[in-house]
Amino acid sequence: MIALLLLPLLLAQTAPAQPLTLDAATQQIEKIIAASGADVSVAYRPLPGPDGTAADGILIDADKTFHAASTMKVPVMIELFRQAEAGRLSLDDPIPVTNTFKSIVDGSPYQLSATEDSDGEVYKAIGRTMTLRQLVTASIIVSSNLATNILIETLGPENVRKTVAALGGDGMVVLRGVEDQKAFDKGLNNTTTARALMVLLEKIARGEAVSRAASRGMADILRMQQFNDAIPAGLPPDVPVGHKTGSITRINHDAAIVYAAQPYVLVVLTRGIQDGAKSSALIADISRVIFSTRR
């Protein structure tokens, strides 16, 4: 008799949860954002299915402008693959590794600090060469600022901007390399919106950023990401993710292609939380809610 009484409870505990509706998910996310006290932007859109159609997504302040932090390394990667596809360079070209760059304000030289960078390996190669493939991989998976500045100097920031515009990523503006203090002091920063990053990642996921082969190569690099405490932390461990994080003081972003059974793109931008662990947990909470809309 006791077993029979317990059976409905056990069945309720093991039954799969119903997917959240978009309205319910939006309400949950808005409550999470309000409780955080932070400035948060969210852009979520499912990728098209085999028939070419895609379900609706969620946009919350998706056109609000944020400091791009290291998410600007995504369009730099796209431009590198575009120039390689055009035959202007090869991903296997060796490039001298230096640590002197020119400020966009007055052309004065500046250097990056290895202690401020998230990657020390590229600094060990100063005075030698690394291939463009090695540099772009380091710029994405360990967010190497030195590798990124070398790439921007090689590619030209104006070319990155043109490619972003051609892909429809208005809102992502790459003006300069990293740690150009004179430019920062004048408010000349790389900026983005959640919608812009969503569009760029959609192009990669759909094989439309440069070419299908180039898009596949970029997606492979994104899936090697080593900083996984934001969007991936809100997902089951067996769900593959290709993504790029970005963080500076009181700024923490993550932009991802989530390869769930029904793949989607999710971008979460945050501003105003001093503790990086707390802002990462906030992004993970939003990611968890978004995943709950998909089964």
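**View 1. E79 and R82 sit together in helix α3 (residues 73-85), 3 residues apart, or about one turn of the helix.** This is a predicted model, as are the views that follow. The two side chains pair up in a salt bridge, with 2.8 Å between the closest N and O atoms. Their surroundings are worth a look, too. E79 is buried, at a relative accessible area of 0%. R82, on the other hand, comes out as partly exposed, with 28% relative accessibility. Elsewhere, D39, D61, K64 and R271 are joined into one network by salt bridges that share partners.

**View 2. Here E202 meets R45 in a salt bridge between their side chains.** The N to O distance is 2.7 Å. This pair ties together distant parts of the chain, as 157 residues separate the partners. E202 belongs to helix α8 (residues 194-205), while R45 comes from strand β1 (residues 39-46). How accessible is E202, buried or exposed? E202 counts as buried because its relative accessibility is just 9%, and the cut-off for buried is under 20%. R45 is partly exposed, at 29% relative accessibility.

**View 3. Helix α8 turns up again, this time through R195, whose partner D63 lies in a loop.** That loop runs between β2 (58-60) and β3 (66-67). What kind of contact do the side chains of R195 and D63 make? They form a salt bridge, 2.7 Å from N to O. Once more the link spans distant parts of the chain, with R195 and D63 132 residues apart. R195 is partly exposed, with a relative accessibility of 30%. D63 also counts as partly exposed, and its relative accessible area is 48%. For the wider picture, the structure has 12 salt bridges, among them R195 with D63 and E202 with R45.

**View 4. Away from the charged pairs, I104, V105 and L188 make up a nonpolar patch on the surface.** Taken together, these three residues offer about 200 Å² of accessible area. Where does L188 sit? L188 is in the loop that connects α7 (181-185) and β8 (191-192). The relative accessible area of L188 is 33%, so this residue counts as partly exposed. That value also fits the patch rule, because members need over 30% relative accessible area.

How values were computed
Residues are numbered from 1 along each chain as its sequence is written. This is a predicted model: local features need pLDDT of at least 70, side-chain atom pairs count only at pLDDT 80 or more; totals for chains, interfaces and linings use all residues. Side-chain values use heavy atoms; hydrogens and water are left out. Patches are made of residues with over 30% relative accessible area and no salt bridge: like charges are joined within 9 Å, nonpolar side chains (Val, Leu, Ile, Met, Phe, Trp, Tyr) within 5 Å. Accessible areas come from the Shrake-Rupley method with a 1.4 Å probe; for residues, only the protein chains shown count as cover. A salt bridge is a side-chain nitrogen of Lys or Arg within 4 Å of a carboxyl oxygen of Asp or Glu. Helices (H or I, at least four residues) and strands (E, at least two) are DSSP runs, numbered from the N terminus. Buried means under 20% relative accessible area, exposed over 50%, partly exposed in between (1.4 Å probe, protein chains only).
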